[in-house]
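Colleague: I have a structure open on my screen and would love to walk through it with you. Could you help me read it?

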Amino acid sequence: MTEIIPAVLAENYEELYRDISKVASLSRMIQIDICDGQFVDSRTWPMSSHDELSVSKIIDEEEGLPYWDTLDFEFDLMVRNAHKNFDFFTRLGAKRLVFHVEAEDPADFKEFLEALDPYFRENIEIGLALNTTTDIKEIAPYINYINFVQCMGIENIGHQGQQFDARVIDQIKNLKIIYPELTISVDGSVNEETAPRLVNAGASRLIVGSVLERSIDIHQTMKELSNL
């Protein structure tokens with residue numbers, strides 16, 4: 001069965017709470033898209049300056065992420081050199097962190113992964129995202145330190161509702177040839193039409209956003225996608 005993970009992209013904490021509320025009953029894991037306005041042109045919570053109060057309360061453990069007691073969270077870090085703020089993101093409540101290979105300095109990022117404390121290795125899953133235009137050889141230096149790869153199904157990342165980029169299909173197939181046991185997620189333009197192609201190519205996790213927003217029965221949509 002394919003793991004289906006709802007995704008939310010919120011400009012502020014109020015939007016984050018509202019959007020998580022809509023999908024909280026669908027999955028144990030929710031992906032939060034985090035954009036810094038530098039690596040990608042959009043800017044979302046918690047990188048928005050006007051959300052400093054909500055962020056500080058979570059960091060200080062006065063509050064938690066919405067539904068923190070029943071959900072786990074995966075942060076998709078569309079952030080320049082996100083590894084430098086690893087402690088910040090883990091303290092916000094991440095169970096999985098997805099770094100984008102194009103956003104990281106190669107030498108610094110490898111050094112970070114090599115030095116990662118065993119506690120975090122056991123308790124935080126580390127993923128590495130690849131754009132459709134990125135050579136899969138880029139993940140080779142890090143493959144022994146990550147838990148999964150996230151292939152982007154769109155070219156213009158940081159926005160929901162984008163056009164599907166079919167180059168991701170060959171990217172997934174080639175990854176599975178080189179790394180047959182690798183867990184592959186796909187994020188971007190995952191819907192009823194593209195999902196079967198992605199699963200057949202070798203993806204075992206699908207991140208869904210806009211397909212749920214336009215669904216008239218999100219529970220049925222989740223069920224159908226999970227049964228692929």
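Colleague: How many aromatic pairs does the structure hold?

Modeller: Happy to help, and please keep in mind that this is a predicted model. One of the pairs joins Phe88 and Phe89, which meet edge-to-face with 65 degrees between the planes and 5.2 Å centre to centre. In total, the aromatic pairs number 10.

Colleague: Is Phe89 buried or exposed?

Modeller: Let's take the two partners in turn. Phe88 has 24% relative accessibility, so Phe88 counts as partly exposed. Phe89 has 0% relative accessibility, and under 20% is the cut-off. Phe89 therefore counts as buried.

Colleague: How are the rings of Phe99 and Phe112 arranged?

Modeller: A pair of aromatic rings is described by the distance of the centres and the angle of the planes. For Phe99 and Phe112 the centres are 5.9 Å apart and the planes stand at 65 degrees. Planes over 60 degrees apart pass the cut-off. The pair is therefore edge-to-face.

Colleague: How many residues apart are Phe99 and Phe112?

Modeller: Phe99 is buried at a relative accessible area of 0%, and Phe112 is buried at 12%. Phe99 belongs to strand 4 and Phe112 to helix 4, and their pair links distant parts of the chain. The two are 13 residues apart.

Colleague: Which residues form one aromatic cluster?

Modeller: Phe99 and Phe112, the edge-to-face pair we just looked at, both belong to the cluster. The full membership is Phe86, Phe99, Phe109, Phe112, Tyr119, Phe120 and Tyr142.

Colleague: Which residues are exposed on the face of helix 4 turned away from its buried side?

Modeller: Start with the buried side: in helix 4, residues 106-114, Phe109, Phe112 and Leu113 are buried. They cover an arc of only 95 degrees around the axis, which puts them on the same side of helix 4. Their cover includes helix 3, strand 4, helix 5 and strand 5. The face turned away from that side carries the exposed residues Ala107 and Glu111.

Colleague: How many residues of strand 5 are buried?

Modeller: Strand 5 runs parallel to strand 4, joined by five bridges, and Val98 has Gly127 as its bridge partner. On to strand 6: four bridges join strand 5 to it, again in parallel, with Gln150 as the bridge partner of Ala129. Strand 5 is largely enclosed by the rest of the structure, because the buried count is five of its six residues.

Colleague: In what order do the strands close into a barrel?

Modeller: Let's look at where the barrel closes: strand 1 and strand 8 pair in the parallel sense over four bridges, and Ile5 stands opposite Ile207 there. Eight strands take part, with parallel pairing, in the order 1-2-3-4-5-6-7-8.

Colleague: What is the average twist from one strand to the next?

Modeller: Strands of a sheet pair through backbone hydrogen bonds, either parallel or antiparallel. In this barrel the pairing is parallel. The twist from one strand to the next averages 25 degrees.

Colleague: What do the buried residues of helix 9 pack against?

Modeller: Helix 9, residues 218-226, lies across strand 1 and strand 8, at about 135 degrees to strand 1. Its buried residues are Ile218, Thr221, Met222, Leu225 and Ser226. They fall within an arc of 130 degrees seen down the axis, so they line one face of the helix. The partners they pack against are strand 1, helix 1, helix 7, strand 8 and helix 8.

Colleague: Which ring does the charged end of Arg205 sit over?

Modeller: The distance to the ring centre is 4.8 Å, and within 6 Å is the cut-off. The ring under the charged end of Arg205 is that of Phe148.

Colleague: Where is Pro46 found?

Modeller: The peptide bond from Trp45 to Pro46 is cis, with omega near 5 degrees. Pro46 is found in the loop between strand 2 and helix 2.

Colleague: Is Glu61 buried or exposed?

Modeller: Glu61 is found in the loop between helix 2 and strand 3. Although it is not a glycine, Glu61 has a positive phi of about 65 degrees. With a relative accessible area of 70%, Glu61 is exposed.

Definitions and conventions. Residues are numbered from 1 along each chain as its sequence is written. This is a predicted model: local features need pLDDT of at least 70, side-chain atom pairs count only at pLDDT 80 or more; totals for chains, interfaces and linings use all residues. Side-chain values use heavy atoms; hydrogens and water are left out. Two strands pair if DSSP finds at least two bridges between them. Axes are lines fitted to C-alpha atoms, for helices over the stretch in contact, and angles run from 0 to 180 degrees between N-to-C directions. Contact means heavy atoms within 4.5 Å. Buried means under 20% relative accessible area, exposed over 50%, partly exposed in between (1.4 Å probe, protein chains only). The arc is that of the directions from the helix axis to the C-beta atoms. Rings of Phe, Tyr and Trp (its six-membered ring) pair if their centres lie within 6.5 Å; planes under 30 degrees apart count as stacked, over 60 as edge-to-face and the rest as tilted. A charge sits over a ring if NZ of Lys or CZ of Arg is within 6 Å of the ring centre and within 35 degrees of the ring normal.
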